[in-house]
Amino acid sequence: MTRPVVLIAEELSPATLEVLGSDVEIQTVDGTDRPSLLSAVKDADAILVRSATQVDAEVFAAAGHLKVVARAGVGLDNVDVPAATAAGVMVINAPTSNIVSAAELAITLILASLRNLGRADASVKAGKWERKQLTGVELLEKTVGIVGFGRIGQLVAERLRPFGVNLLAYDPYINHARAADLGARVVELDELMRTADVVTVHMPRTPETVGLIGAEQFAIAKPNLHVVNAARGGLIDEEALFDALSTGRIAGAGLDVYSSEPPAKSETAAKLLDLPNITLTPHLGASTAEAQEKAGVAVARSVRLALAGELVPDAVNVAGGAIDDLVRPGIALADRLGQLFTAIAAEGPELLEVVVRGEIATRDVTALKLSALRGVFRQVVTEQVSYVNAPVLAEERGIRVDLVTSEDSERFRNVVQIRGTLRDGRVVSVSGTLSGTEQSQKLTEVDGLDLDVQLSDHLLLITYQDRPGLVGAYGALLGDADVNIAGMQVSRRGEERGGEVLVVLNLDQGVDQDLADRIGEAVGASASLAVDITY
């Protein structure tokens, strides 16, 4: 029997190769040598890379029978995931390999900023002895605000407690009990910014979190504030940060990530390079021997699972493995419904139910539950969400997750519903189905209102009291913004005119929430939400 070929495109640890084992034939290539890579990938069943090898549509076109691409690390900037999905190639990474390293670096940057370590190092190496000018402050009894209380934020909290600090946490999806267990008090972002002596950021980069900490937040901060970002570039507005540091509005900062890397490439970020009260590192969050070793070993295990045809927990584009053919088309639907649920709920639920109705309920639909969870957390956490860490993320936030199945389905052959009970008792639900021979995704229900509308990539949901003339109002505003409406449906709560209605618009392109808010104001809406969904 011919052994599958695993192509190693960058240097990996001996432990990684050991995990791959003798059941595969290992070949090597310099992934940065493009002609050699395109030639070698023709025979490969799997390819393992780090960050230097670009795996794009050209590579997939050159591959004869590639089944899996494995990135030994967290980020996937060098792997074209949509092109891989189109080519039927599974993409794997190591989403939890660097979380300890990232947390430790955040704490290192906090201490370095408080004690002026970067300036002190440069001063001594320049032959100076500036002890008085480099006087710092202690961390003891300071208030530290953690913005983003997911896995890394919680690791930071655990490691900061022995320093004798007061901990604050801000995260719309946080579980208050879990935060309390770690000694953190949950507050809104403005209160955190007003109160904290140190702020460390651990959010994902999304349209909602870019510039999360900007001029308004610095304006209400203490003048002794030190702010740290070792998560994603752009979460802190760099222009506002420069102004706050250069004018003495805040005391110091530490950055490991930037809106453009290296920062010298960005005019805004480059301005930070000359400031004396900022500590800068070159995106070192995952750059430890331990993190690199964990990443290589993790993806090697996943590659073995993929080549054996088994479920691959760390697959980022398909669930993979032994999933029933009837269930498999619902994987993407469940993920996308999860994203829509999170956008509507805007906070983490206490109870999340994944309800599967119809004939597929007779099959093993565990993969639908995992995919729905993955969708729920896509825009919530910094790390890449996979089928293995999504349940862990739910558990960390104190979210109980139930899978409910029923063979009965009244309106459609099969339906997937995501239903969550929020902390205030409110229930949010979204449902969908697959329709026709092409298995197109349909949105069939939102919060108890029946629908039958395409679940497209760009949606606008508007809730208002029904009255004539409003369709033209929001149609005009979208037209002014050069946004085309591809489809729409109005669903009325109850039979009487004048009641509450939900309008779902399919748009040809995404709109920002500012436009959604203006549309909402124009029609007197109780809610107007722009949602972009990916897979």
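Start in the middle of things: select L340, L368, F377 and L443, the residues that touch the most other members of the largest nonpolar core, which has 46 residues. Now colour helix α14, residues 330-345, since eight residues of this core come from there, the largest share. Keep in mind as you look around that this is a predicted model.

Zoom in on L340. Setting aside neighbours within four places in sequence, L340 is in contact with V430, L443, L455, L459, V531 and I533. Another core of 32 residues lies apart from the one you began with; to find it, select residues including L168, M193, F218 and A221.

Next stop: helix α17, residues 470-480. Which of its residues are buried? They are L470, Y474 and L478. Turn the view until you look down the axis of α17: the buried residues fall within an arc of 70 degrees, so they line one face of the helix. An α-helix has 3.6 residues a turn, so residues three or four places apart point the same way. Show β19 (458-465), β20 (485-492), β21 (500-507) and α18 (513-523) to see what the buried residues of α17 pack against. Just after α17, click on D482, which has a positive phi of about 60 degrees.

Finally, travel to strand β1, residues 5-8. V5 and L7 point one way, V6 and I8 point the other way, and all are buried. Add strand β2, residues 25-28, which runs parallel to β1 and is joined to it by four bridges. Follow the chain from β1 through helix α1 (residues 14-20) to β2, and you trace a right-handed β-α-β crossover. Then show strand β3, residues 46-49, which pairs with β1 in the parallel sense over three bridges. Where does L7 fit in? L7 stands opposite Q27 in β2, and its bridge partner in β3 is I47.

Notes
Residues numbered from 1 in each chain as written. Predicted model: local features only at pLDDT ≥ 70, side-chain atom pairs only at ≥ 80, totals over all residues. Heavy atoms only, no water. Core = buried A, V, L, I, M, F, W, Y, C linked by side-chain atoms within 4.5 Å. Buried < 20%, exposed > 50% of the residue type's maximum accessible area, 1.4 Å probe, protein only. Helix = DSSP H or I, 4+ residues; strand = E, 2+ residues; numbered from the N terminus. Contact = heavy atoms within 4.5 Å. Arc of directions from axis to C-beta. Pairing = 2+ DSSP bridges. Right-handed = clockwise from strand over helix to strand, strands pointing away.
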